[in-house]
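Biologist: I would like a close look at one strand of this structure. Please describe its surroundings step by step.

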Amino acid sequence: MRRGRLIACGALLLGVTALAGCGGGTENDGDAEAAAPSSEAPEPEPEPETETETEEPEETEEPPSPTPTPTPTTPPPTVSASDIENCRDGECEIAVVEGTAIPLDGTLGVGHVTVNAIDAAAGVDLVALTSGGTTGYLNSQLPDQGSPSTVNDLEILVLEISGEAATIRFSPA
């Protein structure tokens, strides 16, 4: 008898579970119609649309485009150590590039000149460190500016700008 009760309870539980799964989550919770199974057949799900195969036109091979020829570039000029050394006394002409540092002996009141920038249109930007530790900025120095710039007893004149290089003359004032 005990076995019969277990089967009946199991069948009842299975039936309740099946009903709960079908009617749960509707807006009509508690409504008699919502709890009763529907006699209508569920609507069939729409068939996914199938793509029709279309033939793609055959690709025609185009001749490869010509590879552009690289423009030869010349490396930036370099400044020799001997040219820099020849300027130590503050009297020389030297070809410089951006970043060139020229140490001077300080007898003309300047201990160091550095080239910060070279541009044909804007000129040459220089920084001069005096023997006393003061920094002087000489910006936009051009070959046709009329006269040299002076820092303490050192005259600085840009003679020429050519591409990434410039020629500068240092002389006593």
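Modeller: What follows is an account of strand β4 and its neighbours.

The model is a predicted one. Strand β4 covers residues 123-130. Six of its eight residues are buried, so the strand is mostly covered; buried here means under 20% relative accessible area.

Take the side facing strand β3 first. Strand β3 spans residues 110-119, and it pairs with β4 in the antiparallel sense over eight bridges. The two strands form a hairpin, with three residues between them. D119 is found opposite G123 in β4. Further along the pair, T114 stands opposite V127 in β4.

Now take strand β5, which covers residues 135-141. β4 and β5 run antiparallel and are joined by five bridges. V127 has Y137 in β5 opposite it. V127 therefore has a partner in each direction, since T114 also stands opposite V127, and V127 stands opposite Y137. β4 and β5 also form a hairpin, here with four residues between them. In that turn, G133 has a positive phi of about 100°.

These pairings belong to an open sheet of four strands, in the order β2-β3-β4-β5, with antiparallel pairing. The edge strands are β2, residues 101-103, and β5, each of which pairs on one side only. On average, neighbouring strands of this sheet are turned by 15° against each other, with direction ignored.

As a general point, side chains in a regular strand alternate between the two faces of the sheet.

Definitions and conventions
Residues numbered from 1 in each chain as written. Predicted model: local features only at pLDDT ≥ 70, side-chain atom pairs only at ≥ 80, totals over all residues. Heavy atoms only, no water. Buried < 20%, exposed > 50% of the residue type's maximum accessible area, 1.4 Å probe, protein only. Axes fitted to C-alpha atoms, helices over the stretch in contact; angles between N-to-C directions.
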